[in-house]
Amino acid sequence: MSGIAEKIFEAVKTLPDQQAAEVLDFAEFLKARQASQRTNALEESSNTDDWSDFEQFAGAWSGKFNREDCYDRSVLR
């Protein structure tokens, strides 16, 4: 056990059960938050890789989009 963990243990073992349970709950919250942050970091890094497929099309179209031109087709008539 590390020095900090031993200090926490010494402080908690003299507390009433209800307060010790609160300390345990807080420690579990910290672990869950750390795991969530790791998961979010992994998701963000994998999401940026997905856009690499679209980079090949960057700059392929230039100009201004005209919505009316979309409806001016013989297929729609």
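## Nonpolar surface patch

Ile4, Ile8, Leu15 and Val23 together make a nonpolar patch of about 330 Å² on the surface of this predicted model. Two of these residues, Ile4 and Ile8, belong to helix 1: Ile4 has its place there, and Ile8 lies there as well. Helix 1 covers residues 3-12.

Ile4 has a relative accessible area of 62% and is therefore exposed, since the cut-off for that class is over 50%. Ile8, at 46% relative accessibility, is counted as partly exposed. Both values fit membership of the patch, because a patch residue needs over 30% relative accessible area. Along the chain, Ile8 and Val23 are 15 residues apart. In space, 9.3 Å separates the C-alpha atom of Ile8 from that of Val23.

## Salt bridge

One salt bridge is present in the structure. It joins the side chains of Lys13 and Glu10, with a distance of 3.2 Å from N to O. Side chains of opposite charge can pair when their charged atoms come close. The distance of 3.2 Å between Lys13 and Glu10 qualifies because the limit for a salt bridge is 4 Å.

Glu10 has a relative accessibility of 42% and so counts as partly exposed. This value falls between the limits of 20% and 50% that bound the partly exposed class.

## Fold and surface

The protein contains three helices and zero strands. Read from the N terminus, the order of its elements is α-α-α. Helix 1 spans residues 3-12, and helix 3 spans residues 67-71.

The chain has 77 residues, of which 3% count as buried. For a residue to be counted this way, its relative accessible area must be under 20%. The protein exposes about 7500 Å² in total. Carbon and sulfur atoms supply 55% of that exposed area.

## Confidence

Mean pLDDT for the protein is 82. A pLDDT of 70 or more is reached by 82% of the residues.

Among the elements, confidence is highest in helix 1, with a mean of 93. Helix 1 is also the element that holds Ile4 and Ile8 of the nonpolar patch. Confidence is lowest in helix 3, where the mean is 76.

Terms used:
Residues are numbered from 1 along each chain as its sequence is written. This is a predicted model: local features need pLDDT of at least 70, side-chain atom pairs count only at pLDDT 80 or more; totals for chains, interfaces and linings use all residues. Side-chain values use heavy atoms; hydrogens and water are left out. Patches are made of residues with over 30% relative accessible area and no salt bridge: like charges are joined within 9 Å, nonpolar side chains (Val, Leu, Ile, Met, Phe, Trp, Tyr) within 5 Å. Accessible areas come from the Shrake-Rupley method with a 1.4 Å probe; for residues, only the protein chains shown count as cover. Helices (H or I, at least four residues) and strands (E, at least two) are DSSP runs, numbered from the N terminus. Buried means under 20% relative accessible area, exposed over 50%, partly exposed in between (1.4 Å probe, protein chains only). pLDDT is the predictor's confidence in each residue, from 0 to 100.
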